[in-house]
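Student: I am new to this structure and would like a close look at a single part of it. Could you take me through one pocket slowly, and then add a few notes on individual residues?

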Amino acid sequence: MYSEANFKSKLIHWFDENQRQMPWRETTNPYYIWLSEVMLQQTQVNTVREYYLKFINRFPTISDLSKAEEDEVLKYWEGLGYYSRARNFHTAVKDVDENHAATVPRDPEIFKKLKGVGPYTQAAVMSIAFDQPLATVDGNVFRVWSRLNNDNRDTKLQSTRKAYEIELSPYVQSQSGTFNQAMMELGALVCTPKNPLCLFCPVQQHCEAFEQGTVSELPVKSKKIKKKNVKQHVYIIKNLNDEVLIEKRKAKLLNNMWEFPMYEATASEGINQALNIDIPISTTPIKHLKHQFTHLTWDIDVFEAKTAVDHTKTELPEEMTWMKMTDKEMYNFPVSMTKIYEFIKKQF
DNA sequence: TAGACGTGGCA
DNA sequence: TTGCCAAGTCT
């Protein structure tokens, strides 16, 4: 058994010398720290940087974000993925603005009640911004801690998370924010999923898995879900003004984002029903693409409607509109639709 | 509880 | 090309 203080001291010393520069590490503003933690969920640091800087530039205060329309907030999240994070963060910030005097709560129990704040975000924001004694348990910490203890418990189980939070609590009674970030940084830079740099690890002598030669087998994760494949038909409908038809999604997936009308291949007559007009559709796809999500694949055929009908005089259903090709930045599109846009842009 | 929820990087 | 992984949360 090793000294807890010795382990912590070595880890923090390594962190002081080796941590990466990040814009959110140069602020003590709890709102900015909170935003960064939301953006960093399941997302790599280098991807987040630009989004973070643009976001705080446009919404520099809680009040600014609180007053914004959801469509604009989503526009600033466009391309980052997991868009419910943006909707939930917006909701939570409005909550703070209205019910907490526009001040991020210091009480972990109150903060945890906000929309989109789970155990990780609670611990991260509370420790980094307010030095509250809570341990962050994220993917990095699961990996680092399971290896340090040669622990093969399933990290997907809630019980394992709880156990880790308790086991780590002695380390976060002081300097909690620094310790938490050091654990995560070690996981990101040294104790990596593949090819970990054990020879350069500042706490190698505390690592049971290194001693036992089991590093590559940890952490243990149980569930692997198989992707479903969904065939989709997308329709590029142009009018005589060289505008193209777009539709606002009303679904859990990519909710409230725009798309070219899309129907599952098994329901592809939907476009004619929706418009209540008979649009000639090209019989062969003008483009085929696959778009990968975590849990499914869209196998997309893109069809083009060549029509002489002046659809500008046809009344459109709710949540549909004609978009000028030069106005794409006025709408928020998922990446799959941006790919299609880039293709058809050449033809206009 | 297990599956839904985006996207890009990497071996 | 394919599958896993990246500072998770919601239902």
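Tutor: Before the pocket, a note on one residue in this predicted model: Tyr263 is buried, because its relative accessible area is 16%, which falls under the 20% limit for that word. Tyr263 sits in strand E4, which covers residues 262–264, and although Tyr263 and Val234 are 29 residues apart in sequence, their C-alpha atoms are 6.6 Å apart in space.

Turning to the part you asked about, the second largest pocket has a volume of about 500 Å³. The lining of this pocket is made up of 21 residues, and those that lie nearest its centre are Gly81, Tyr82, Tyr83, Leu254 and Phe293. Two or more lining residues are given by each of helix H6 (84–99), strand E5 (287–292) and helix H14 (335–345), and H6 provides the largest share, three residues. Both domain 1 (4–217) and domain 2 (228–345) contribute to the lining of the second largest pocket, with at least three residues from each. By character, the lining of the second largest pocket divides into eight nonpolar, 10 polar and three charged residues.

Finally, a word on the cysteines: the count of disulfides comes to zero, where a pair of cysteine sulfur atoms would have to lie within 2.5 Å. Cys191 is in no disulfide, and the nearest cysteine sulfur, that of Cys201, is 6.4 Å away. Cys198 is likewise in no disulfide, with the sulfur of Cys207, the nearest, 6.3 Å away. Cys191 is also buried, with a relative accessible area of 12%.

Methods:
Residues are numbered from 1 along each chain as its sequence is written. Chains are lettered from A and ligands numbered from 1 in the order in which they are written. This is a predicted model: local features need pLDDT of at least 70, side-chain atom pairs count only at pLDDT 80 or more; totals for chains, interfaces and linings use all residues. Side-chain values use heavy atoms; hydrogens and water are left out. Helices (H or I, at least four residues) and strands (E, at least two) are DSSP runs, numbered from the N terminus. Buried means under 20% relative accessible area, exposed over 50%, partly exposed in between (1.4 Å probe, protein chains only). On a 1 Å grid over the protein atoms alone, a cavity is a set of points where a 1.4 Å probe fits but cannot get out, and a pocket is an open set with protein on both sides within 12 Å along at least five of seven lines; lining residues have an atom within 4 Å of a point. Grid points are joined across faces, edges and corners, and a volume is the space filled by probe spheres set on the points. Ala, Val, Leu, Ile, Met, Phe, Trp, Tyr, Cys and Pro count as nonpolar, Asp, Glu, Lys and Arg as charged, and the others, Gly among them, as polar. Domain bounds come from an automatic or database domain assignment.
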